[in-house]
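Student: I am new to this structure and would like to understand the words used for it. Could we go through them together?

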Amino acid sequence: MKRRWTRKQAVGVMTTVMGISAGHSPPVAAEEFTMSASIFFEVTFSKTGNAGLGLDLRGTAHTDVGWRTNVPPDAVRSGAGGYAQVVWCLRGASPRVSVGVHGAFQQGRGRGIWDFELGWLYQATSGFEPGGHGLQVGAIGADGNMEAGLRLSIFNSNQGWVPQGHVHGGLRLPGLFGASLILGGGESIPGRPQHDADGVCLGRIFMRRTRLTRRPTAVVARRAAVGARWAVAARAEAASIPTFVGLAQDLRLAGAPDALILRALTAAQDEVRHAVSSAKIASRYLGQEVAVEIPPVRAGDADGDRTTLLTRLAVESWQDGCLNEGTEAAVADARAAKTRDNCVKRTLKNIAREEATHAALAWDVLRWATETGGDPIRDAVADAVAESGVARLPRAANNPKGAGQPSGAARAQIAEAVRAAATDRWRAEAI
Ligand SMILES: [Fe+2]
Ligand SMILES: [Fe+2]
């Protein structure tokens with residue numbers, strides 16, 4: 001009996017067979033599958049020499065440690081899949097086609113990706129050279145969206161075996177491992193995630209594909225990059241929840257007034273809303289359901305002496321609240337003014353308003369801790385004020401177009417303005 005497939009079933013089978021990540025998870029052990037395309041220019045070294053323009057399409061099933069977990073910076077990411085490639089050889093105006101397999105790996109966050117390929121090759125006969133079938137091996141290095149590589153090929157023509165070497169450079173979109181949710185060095189960290197000697201602790205992220213995406217690949221890739229930024233924001237916002245719960249506990253241990261403890265708990269509730277709304281925007285842009293886990297509350301130092309606790313409360317309030325949350329409030333305000341997406345605008349305005357109240361809370365905690373603890377606290381804060389500067393504030397990097405993020409320079413300007421105003425205020429109020 002002839003079986004008729006619905007469009008959705010047909011696309012489902014296609015996406016499974018071809019591995020196109022368009023709404024259905026392919027049945028592979030890897031966590032993610034990315035389709036990426038590159039255009040490149042190559043120079044061919046052979047008896048006759050040539051140059052060409054190429055197009056390469058490759059699918060990669062890969063471990064995507066960055067999507068779901070807080071990974072150590074040197075965690076290896078690897079993947080494998082297939083590729084199809086066509087090069088238009090300029091001299092002789094003939095195509096060369098290659099299809100094969102490739103394997104890629106990345107030794108740590110923000111590092112380059114190495115990719116190796118092995119495939120069948122067909123060089124068409126041109127006006128000045130005979131063609132034939134053969135093999136191709138290649139090694140490619142990619143950094144961000146740029147790549148360069150070396151390929152060696154050999155094909156059997158009617159005049160015998162013809163060896164060739166090809167050097168190429170080009171542009172790949174998206175990267176072989178797709179958009180990354182790993183926080184790289186220097187990227188912006190919104191909210192007030194807990195941090196220790198190893199850096200910030202972000203909420204783990206969970207994703208589930210929800211619907212078939214019918215948009216063109218380029219649009220999906222661009223939206224995915226924007227969604228990835230929002231997913232990172234959701235992780236940081238979720239990580240801010242235990243920060244404020246911990247702050248409330250520390251305030252209670254230090255004997256702070258109930259009003260301050262209550263405001264810390266209210267801030268924790270604000271961060272829940274920030275995390276949920278950021279995850280919702282990420283879901284919409286990624287076309288996948290995104291949820292974030294809330295990291296555990298860091299254990300407070302119940303046995304430490306009160307001066308140590310007050311010092312930590314005051315210094316953290318200055319760095320994480322007065323400066324970082326003050327900066328984040330201003331950045332969210334600037335982003336809200338820029339974006340044309342009404343839902344994003346509403347969310348950013350809300351985040352800006354509430355981050356400003358968190359910065360205000362930090363000022364009040366700083367003042368209370370200093371007044372309560374006296375000179376040792378005042379001296380520690382004075383050191384922190386002297387140390388603080390734009391250099392220690394996180395900057396935005398690699399912001400995709402459409403994310404509405406200010407550039408690194410614009411963010412640094414905002415951070416510097418907040419720092420200068422906060423330093424003036426700290427001096428003027430003689431806290
Ligand atoms: Fe927040
Ligand atoms: Fe906040």
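Tutor: Gladly! Keep in mind that this is a predicted model. Let us begin with helix H4, whose 29 residues reach 42 Å from the first C-alpha to the last.

Student: What makes that length close to the one expected for H4?

Tutor: At 1.5 Å a residue, the expected value is 42 Å. The span is 1.5 Å times one less than the number of residues, so the 29 residues of H4 can be set directly against that rule. After H4 comes Gly287, with a positive phi near 70°.

Student: Val276 is found in H4, residues 258–286. Why is Val276 called partly exposed?

Tutor: Count its neighbours: 15 other C-beta atoms lie within 10 Å of Val276. Buried needs 20 or more and exposed needs 12 or fewer, so Val276 falls in between. In space, Val276 is 9.3 Å from Val290, C-alpha to C-alpha, although 14 residues separate them in sequence.

Student: What about Ala93, in the loop between strand E3 (76–89) and strand E4 (94–107): is Ala93 buried or exposed?

Tutor: Ala93 has 11 other C-beta atoms within 10 Å, and the cut-off for exposed is 12 or fewer, so Ala93 is exposed. Its phi is near 45°, a positive value in a residue other than glycine.

Student: Now for helix H5, residues 306–338. How do you know that its length agrees with what a helix should span?

Tutor: The 33 residues of H5 should span 48 Å at 1.5 Å a residue, and its end C-alpha atoms are 45 Å apart, which agrees. H5 also bends by about 35° at Ser317.

Student: Why are H5 and H6 called roughly antiparallel?

Tutor: H5 packs with helix H6 (residues 342–373) at an angle of about 155°, with the axes 7 Å apart. Angles over 145 degrees count as roughly antiparallel, so H5 and H6 earn that name. Their crossing is left-handed. The residues of this contact of H5 with H6 comprise 19 nonpolar, nine polar and seven charged.

Student: And why are H5 and H7 called roughly parallel?

Tutor: H5 and helix H7 (residues 375–387) pack at about 30°, with their axes 9 Å apart. The limit for roughly parallel is under 35 degrees, and therefore H5 and H7 fit that description.

Student: Which hand does the crossing of H5 and H7 have?

Tutor: The crossing of H5 and H7 is right-handed, while that of H5 and H6 is left-handed.

Methods
Residues are numbered from 1 along each chain as its sequence is written. Chains are lettered from A and ligands numbered from 1 in the order in which they are written. This is a predicted model: local features need pLDDT of at least 70, side-chain atom pairs count only at pLDDT 80 or more; totals for chains, interfaces and linings use all residues. Axes are lines fitted to C-alpha atoms, for helices over the stretch in contact, and angles run from 0 to 180 degrees between N-to-C directions. Helices (H or I, at least four residues) and strands (E, at least two) are DSSP runs, numbered from the N terminus. Angles under 35 degrees count as roughly parallel, over 145 as roughly antiparallel, 65 to 115 as roughly perpendicular and the rest as oblique. A crossing is left-handed if the near helix is turned anticlockwise from the far one by less than a right angle, and right-handed if clockwise. Ala, Val, Leu, Ile, Met, Phe, Trp, Tyr, Cys and Pro count as nonpolar, Asp, Glu, Lys and Arg as charged, and the others, Gly among them, as polar. The bend at a residue is the angle between axes fitted to the seven residues ending there and the seven starting there.
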